[in-house]
Structures are given as C-alpha cells and as structure tokens.
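Student: I should like to practise reading a protein model together with its ligand. May I put some questions to you as we look at it?

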Amino acid sequence: MLISFEGIDGSGKSTQVHLLKTYLHTRGIEALALREPGGVALAEKIRALLLESKQDIHPTAELLLFAASRAELCETLILPALQKGTIVILDRFYDSTTAYQGFGRGLDLQMIATINRIASFGLVPALTFYLDILPEDALLRKFSEKSLPLAFGKDELPLDRMERSGLDFYRRVREGYLTLARQEPERIVQLDALRPVSDLHREIVSHLQKKLGIG
Ligand code: TYD
C-alpha cells in the first residue's frame, strides 16, 4: 500500500511520516519511508540541482527534473517494495507537482497530469494526508524550529531555491492543495497542521487502520 504526505514546507509532514513509520514497525508491519525529491543516488543529485542551485531554473525544466527524480525512485525502490507487500510512506508525491509546478508556477494542469502519470507509473496513493497550514504560519514555524532570527535581509535568508519563491507563490500552492483535497476527498485527508503532533498522529493512524481493515 502506498501512502503519501503533502503540504507546504514547514507543515510538519516529515514528523508525521516518521511517527507513522515507527508506529507500523512497532506493530511488526513492514514499512518504508522515502522523501521526494530524492531517496536514491540519482534522485538525490537531482534534488541538489533543484534545491541548492543559485541560478533560476525555468518552470518546465523544473517540472521535468522533479518528474525524472520520481521516475527513478519509483523504478528503483517504490515499485519493488509495493510488490513485496511493504507499506511505502512518501514524504511528497505527485500532488506536490500539481500544487507547486501547476498552481504555484502556473504550468498547464493537463500537461502536469500526463507527466505525473508517466513519472509515477500510474501509481495512486491509497491515502494522502494533506497537512494544511497558512504560508505565514509555516514560515514562522520553520524559523522558530531552526531558532533563526527573523531579522534577515531578503538575500541572506537561509532558504532553498523553492523556498525563495515568495509568499504569493506559497499562497497559490496552498490553494492548489485545497483544490485537490476538494476534488479527491476519498483519497486526500485534509488535516489542520497546527493541531498538536500527537493528535494528528492518532487521527492519521485511525484513517490507516480503517483502510487496512484493522482495529
Ligand atoms: P524539502 O526540503 O524536501 O521540503 P519539505 O521538507 O517541505 O518537503 O524540499 C522539497 C521542495 O521541492 C519543496 O519546496 C517542495 C518542492 N517540490 C516541488 O516543487 N515539486 C515536486 O514535485 C516535489 C516532489 C517537491
């Protein structure tokens, strides 16, 4: 079974991915957690290109680099793990592309849907947890976690290339996620990211138990 976590940067996805993986392991259920972009050598190189580059990358090239990273991760790890019956937990999957490159960068959504299908080999998560947060709150949270002062000049902010895209970009990305959650309520569970971590974890586990048919 494939499960994905989505949300803008600073929504607390990675914490929930870790908690869910630990929960499954302690119950003797095999689970593999992976992040996108990355997870395998080539995809990590693409990740560095996408996030650490000081230069601009055109939106279509950006889209195709995220897709290339996903295709490599799918063929190398995700598909073989699913075939073995392992639960695969993804910190981001193709909904990130729709939200960031589609709604955020403004690329054509039909084209993105086609590329997403190719890059993910038609895989669709059984469940997607979308952690909803206002971009302003996400930014504050990110800085307070890193104990960074907010008094940085724009060019000195310790942000990666995506995070330098600005607040309006993140507002569009969030709108994208909200639209997806409305379009696919059966698959996408929308959660308020500001709720306590343990509360969210409990709710996530209960959705998963229902899906797995266990109590
Ligand atoms: P990462 O540091 O993993 O951010 P986070 O911890 O928030 O997941 O960086 C991944 C960045 O790449 C993040 O800004 C979202 C972006 N992204 C896309 O724009 N499109 C995609 O398809 C994916 C997978 C990620």
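Student: Does H58 count as buried or exposed?
Tutor: This is a predicted model, and H58 is found in the loop between α2 and α3. A residue counts as exposed when its relative accessible area is over 50%. The relative accessibility of H58 is 66%, so H58 counts as exposed.

Student: Is S4 buried or exposed?
Tutor: The place of S4 is in strand β1, which spans residues 2–6. The side chain of S4 has a polar contact of 2.8 Å with the side chain of T128. Buried means under 20% relative accessible area. The relative accessible area of S4 is 0%, so S4 is buried.

Student: Which element gives the largest share of the shell around the ligand?
Tutor: The ligand is surrounded by 14 residues. The space that the ligand takes is the largest pocket. The elements giving two or more residues to the shell are α2 (41–52), α3 (59–83) and α4 (94–104). The largest share, four residues, comes from α4.

Student: How many charged residues does the shell around the ligand have?
Tutor: The closest residues to the ligand are D9, K13, R92, T97 and Q101. Sorted by class, the shell has five nonpolar and three polar residues, and its charged residues number six.

Student: What share of the ligand's exposed area does the protein bury?
Tutor: Consider first the contacts with oxygen atoms of the ligand. A polar side-chain atom of D9 lies 2.6 Å from one such atom, and for a polar side-chain atom of K13 the distance is 2.7 Å. In the side chain of R92, an N or O atom is 2.8 Å from an oxygen atom of the ligand. Taken alone, the ligand exposes 540 Å², and the share that the protein buries is 91%.

Student: Does R92 count as buried or exposed?
Tutor: R92 is placed in the loop between β3 (87–91) and α4. Although R92 is not a glycine, its phi is positive, about 90°. The limit for a buried residue is under 20% relative accessible area. R92 has 12% relative accessibility, so it counts as buried.

Student: How does F121 count by its relative accessibility, and what is the value?
Tutor: F121 lies in the loop between α5 (109–119) and β4 (127–132). Its phi is near 55°, a positive value in a residue other than glycine. Partly exposed residues fall between the limits of 20% and 50%. F121 therefore counts as partly exposed, at 38%.

Technical notes. Residues are numbered from 1 along each chain as its sequence is written. This is a predicted model: local features need pLDDT of at least 70, side-chain atom pairs count only at pLDDT 80 or more; totals for chains, interfaces and linings use all residues. Side-chain values use heavy atoms; hydrogens and water are left out. A residue is near a molecule or strand if one of its heavy atoms lies within 4 Å of it. A polar contact is a pair of N or O atoms within 3.5 Å; within protein, one must be able to donate a hydrogen and the other to accept it, and residues adjacent in sequence count only if both atoms are side-chain atoms. Accessible areas come from the Shrake-Rupley method with a 1.4 Å probe; for residues, only the protein chains shown count as cover. On a 1 Å grid over the protein atoms alone, a cavity is a set of points where a 1.4 Å probe fits but cannot get out, and a pocket is an open set with protein on both sides within 12 Å along at least five of seven lines; lining residues have an atom within 4 Å of a point. A molecule sits in a cavity or pocket if more than half of its atoms lie within 2 Å of its grid points. Ala, Val, Leu, Ile, Met, Phe, Trp, Tyr, Cys and Pro count as nonpolar, Asp, Glu, Lys and Arg as charged, and the others, Gly among them, as polar. Buried means under 20% relative accessible area, exposed over 50%, partly exposed in between (1.4 Å probe, protein chains only).
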